[in-house]
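Q: Please take a close look at the salt bridges in this model. Which residues take part, and what lies around them?

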Amino acid sequence: TGDSIEQLIHLKSVELDVAGAWDRGRSARLGLTGFMVTGPLAHMLFKGLESIAPGTSTAAVFQKVCLNAAFMPCMIGATMS
């Protein structure tokens, strides 16, 4: 997962005597949050965006990007709660 990669990069960039172990609990919590909250929300959001602005034209993609940016505070809030 992304968290495992981040922890590996972090461990290589700091001294190993500073709690130099992979935090499996943290990775499990982040994975569970992604599976139960972020994943389903993102799926519903992108299905909704496709129904509002179908296709791959420049105008449709621009609408999707703008609407996605408008919904990001809600997604971040749902993930952080």
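A: Asp3, Glu6 and Arg26 are linked in a network of salt bridges. A salt bridge here is a side-chain nitrogen of Lys or Arg within 4 Å of a carboxyl oxygen of Asp or Glu. This is a predicted model: local features need pLDDT of at least 70, side-chain atom pairs count only at pLDDT 80 or more, and totals for chains, interfaces and linings use all residues. Residues are numbered from 1 along each chain as its sequence is written, and side-chain values use heavy atoms, with hydrogens and water left out.

Begin with the Arg26 to Asp3 pair. Their side chains form a salt bridge, N to O, at 2.6 Å. The two partners come from distant parts of the chain: Arg26 sits in helix 2, Asp3 in helix 1 (residues 2-13), with their positions 23 residues apart. Helices are DSSP runs of H or I with at least four residues, strands are runs of E with at least two, and both are numbered from the N terminus.

How exposed is each partner? Buried means under 20% relative accessible area, exposed means over 50%, and partly exposed is in between (1.4 Å probe, protein chains only). Asp3 is buried because its relative accessible area is 9%. Arg26 has 29% relative accessibility, so Arg26 counts as partly exposed.

The second link of the network is Glu6 to Arg26. This salt bridge, too, has an N to O distance of 2.6 Å. Glu6 belongs to helix 1 and Arg26 to helix 2, so the pair ties together parts that are 20 residues apart in sequence. Glu6 has a relative accessible area of 37%, so Glu6 is partly exposed.

Now the surroundings of Arg26. Contact means heavy atoms within 4.5 Å. Leaving aside neighbours within four places in sequence, Arg26 is in contact with Asp3, Glu6 and Gln7. Asp3 and Glu6 are also its partners in the network. For Gln7 there is a backbone distance: the C-alpha atoms of Arg26 and Gln7 are separated by 9.9 Å, with the two residues 19 apart along the chain.

How many salt bridges does the whole structure hold? A search finds three. Two have been described; here is the other pair. Glu50 and Lys64 form a salt bridge, with their closest N and O atoms 2.5 Å apart. Glu50 lies in helix 2 and Lys64 in helix 3, so this pair ties together parts that are 14 residues apart in sequence. Helix 3 spans residues 58-80, and helix 2 spans residues 24-52.

Is Lys64 buried or exposed? Lys64 counts as buried, because its relative accessibility is 16%. Glu50 counts as partly exposed, at 36% relative accessibility. Beyond residues up to four places away in sequence, Lys64 touches Leu49, Glu50, Ala53, Pro54 and Gly55. Its salt-bridge partner, Glu50, is among them.

Next, the frame that holds these pairs. The chain has three helices and zero strands. From the N terminus on, its elements run α-α-α. The Asp3 and Glu6 links to Arg26 join helix 1 and helix 2. The Glu50 link to Lys64 joins helix 2 and helix 3.

The totals for the chain come next. Of its 81 residues, 14% count as buried. Asp3, at 9% relative accessible area, is one of the buried residues, and Lys64, at 16%, is another. The chain exposes about 6,100 Å², and carbon and sulfur atoms supply 72% of that area. Areas come from the Shrake-Rupley method with a 1.4 Å probe; for residues, only the protein chains shown count as cover. Among contacts between residues at least 6 apart in sequence, 32% join residues at least 24 apart.

Finally, the cysteines. The structure holds zero disulfides (pairs of cysteine sulfur atoms within 2.5 Å). Cys66 counts as partly exposed, because its relative accessibility is 38%. Cys74 has a relative accessible area of 54%, so Cys74 is exposed.

In short, Arg26 in helix 2 is linked with Asp3 and Glu6 in a network of salt bridges. Glu50 and Lys64 form a salt bridge between helix 2 and helix 3.
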